[in-house]
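Here are my notes on the model you sent over. Have it open next to the text as you read.

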Amino acid sequence: MFQAALCAAAVSDLMTMKIPNWISVLLVLLFFPACWIVGMSLPEVGLSIMAGLAVFALCFGLFAANVMGGGDAKLLSAAALWFGYNISLISFMVTVAFAGGILTLAILVLRANATTVMAIGLRLPHSLVSAKKIPYAIAIAAGGILSWPEAPLLRLASLAH
């Protein structure tokens, strides 16, 4: 479900430059039964909540500075819950940052060559060709999916079976 929710957010951001709130809420709500299913301890759950809140505080500052969109801030914070307050959170955040850099460069190149791309008949979403912002949920999804093998929930799930 974690990966599917991130993919849904990425597709929505790509097509509409919006991330529906229900996706971030779903990630938060699904986190708690997932913790119970894999037998995560209460202190570990508490640390995961702390991770989500820490990322939210950072993202809120970036949102207030008009550097990050509100949907991106909520999605990144909800995803941080799944990684916890440990090294896997750092791995997730660094992977998101690298994916965001690659995405931004690719979109800037695409926008610089938009006329040529459109002339050959490729129909591209507004978010890739002419929007002023970057559909960053794509980078968040890529970072989440690539970092998922390091998530404590996945480790606990593999130990439970």
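1. Fold content. Keep in mind that this is a predicted model. The protein chain has 9 helices and 0 strands. Reading from the N terminus, the elements go α-α-α-α-α-α-α-α-α.

2. Overall size. How does the radius of gyration sit against that of a compact globule? For 161 residues, such a globule would come out near 15 Å, and the protein chain has 17 Å, so the two agree. If you want box dimensions, the C-alpha trace covers about 55 × 35 × 25 Å along its principal axes.

3. Packing and contacts. Buried residues make up 41% of the 161 in the protein chain. As for the contact map, take the contacts with a separation of 6 or more: 71% of them join residues 24 or more positions apart.

4. Surface and charge. About 8,800 Å² of the protein chain is exposed, and 75% of that area comes from carbon and sulfur atoms. On the charge side, there are 7 positive and 4 negative charges. Take the mean position of each set, and the two points lie 16 Å apart.

5. Cysteines. How many disulfides does the structure hold? The count is 0. Cys-7 is in no disulfide, and its nearest cysteine sulfur belongs to Cys-59, 19 Å away. A disulfide needs the two sulfur atoms within 2.5 Å, so a pair at 19 Å does not qualify. Cys-35 is likewise in no disulfide; here too the nearest cysteine sulfur is that of Cys-59, at 20 Å.

6. Cysteine exposure. Are Cys-7 and Cys-35 buried or partly exposed? Cys-7 has a relative accessible area of 36%, so it counts as partly exposed. Cys-35 has a relative accessible area of 3%, which means it is buried; the cut-off for buried is under 20%.

7. A closer look at Ser-48. This serine is in helix H3, which runs over residues 42-64. Its relative accessible area is 3%, so Ser-48 counts as buried. Which residues does Ser-48 touch, once its neighbours within four places in sequence are left aside? They are Phe-31, Met-40, Leu-81, Gly-84 and Tyr-85. If you click through one site by hand, I'd suggest this one: you can look at the buried Ser-48 together with its contacts to Phe-31 and Met-40, among others.

How values were computed:
Residues numbered from 1 in each chain as written. Predicted model: local features only at pLDDT ≥ 70, side-chain atom pairs only at ≥ 80, totals over all residues. Heavy atoms only, no water. Helix = DSSP H or I, 4+ residues; strand = E, 2+ residues; numbered from the N terminus. Rg over C-alpha atoms; globule rule 2.2 N^0.38 Å. Buried < 20%, exposed > 50% of the residue type's maximum accessible area, 1.4 Å probe, protein only. Contact = heavy atoms within 4.5 Å. Areas by Shrake-Rupley, 256 points an atom, 1.4 Å probe, with all protein chains shown as cover. Lys, Arg positive; Asp, Glu negative; His and termini not counted. Charge placed at Lys NZ, Arg CZ, Asp CG, Glu CD.
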